[in-house]
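Thanks for coming, everyone. I'd like to walk you through one protein chain today, so have a look at the screen.

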Amino acid sequence: MDKSALLDHVVGLAAAENHRVIRAEFGFDPAAPLAVSLVLFVEGGPRVLWRIGRDLMQQGLRSAGGLGDVQMWPACADGEGTACLQLASRDMAALFELPAPPAEGLAGAHL
């Protein structure tokens, strides 16, 4: 299933009475040092891989970043606690809330 079809499926699940678990795993491959991988596992459904730039993720912990189908921003004005990650395709989108490290931990962070 391609990313567009998965997002249609995820949004459909959110509107359905029977919710399904969507597990997300972040990973890093030293062979692709500029990207973080995000694998979405839909219970009883497909697995889809997204690659997100490390710079975008680091910026999204402090301020809004990204254009197009991947955007990220802090959920709170102080930039601490959680961050929002939006994955979009065509006219559909999935919004995730992620735990974010405190700002002082970002100075030496290597996502």
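Let's start with strand E3, which has two faces: Val48, Trp50 and Ile52 sit on the covered one, while Arg47, Leu49, Arg51 and Gly53 sit on the uncovered one. In a regular strand, side chains alternate between the two faces of the sheet. When I say strand, I mean a DSSP run of at least two residues marked E; helices are runs of H or I with at least four residues, and the numbering goes from the N terminus.

Before going on, a word on where this comes from: it's a predicted model, where local features need pLDDT of at least 70 and side-chain atom pairs count only at pLDDT 80 or more, though totals for chains, interfaces and linings use all residues. Residues are numbered from 1 along each chain as its sequence is written, and side-chain values use heavy atoms, with hydrogens and water left out.

Okay, back to the uncovered face of E3, and Leu49. Is Leu49 buried or exposed? Well, Leu49 is partly exposed, at a relative accessible area of 38%. For these words, buried is under 20% relative accessible area, exposed is over 50%, and partly exposed is in between, using a 1.4 Å probe and protein chains only. Leu49 and Val39 are 10 residues apart in sequence, but 4.5 Å apart in space, C-alpha to C-alpha.

Now, who does E3 pair with? E2 and E3 run antiparallel over seven bridges, and pairing here takes at least two DSSP bridges between two strands. Opposite Ile52 in E3 you'll find Val36. The hairpin of these two strands has four residues between them, and there Gly44 takes a positive phi near 75°.

On the other pairing, E1 and E2 are antiparallel too, again over seven bridges, and Phe26 has Leu38 of E2 as its bridge partner. Put together, that's an open sheet of three strands in the order E1-E2-E3. E1 (22-28) and E3 are the edges with a single partner strand each, so one side of each has no neighbour in the sheet. From one strand to the next, the twist averages 25°; the axes behind such angles are lines fitted to C-alpha atoms (for helices, over the stretch in contact), and angles run from 0 to 180 degrees between N-to-C directions.

A nice residue to click on is Ser37 in E2. Ser37 counts as buried, at 15% relative accessibility. Beyond its neighbours within four places in sequence, Ser37 has contacts that include Phe26, Phe28, Leu49 and Trp50, where contact means heavy atoms within 4.5 Å.

Where does the nonpolar part gather? The largest nonpolar core has 18 residues, and Ile52, Leu85 and Leu87 touch the most other members. Among the elements that supply at least two residues each are strand E2 (35-42), strand E3 (47-53) and helix H2 (54-60). E6 gives the most, four residues. By nonpolar core I mean buried Ala, Val, Leu, Ile, Met, Phe, Trp, Tyr and Cys residues joined through side-chain atoms within 4.5 Å.

One last pair: the side chains of Arg23 and Glu25 meet in a salt bridge, at 2.3 Å from N to O. The rule is a side-chain nitrogen of Lys or Arg within 4 Å of a carboxyl oxygen of Asp or Glu, and the count comes to one.

Zooming out, the chain has two helices and six strands, in the pattern α-β-β-β-α-β-β-β. Buried residues make up 33% of its 111 residues.
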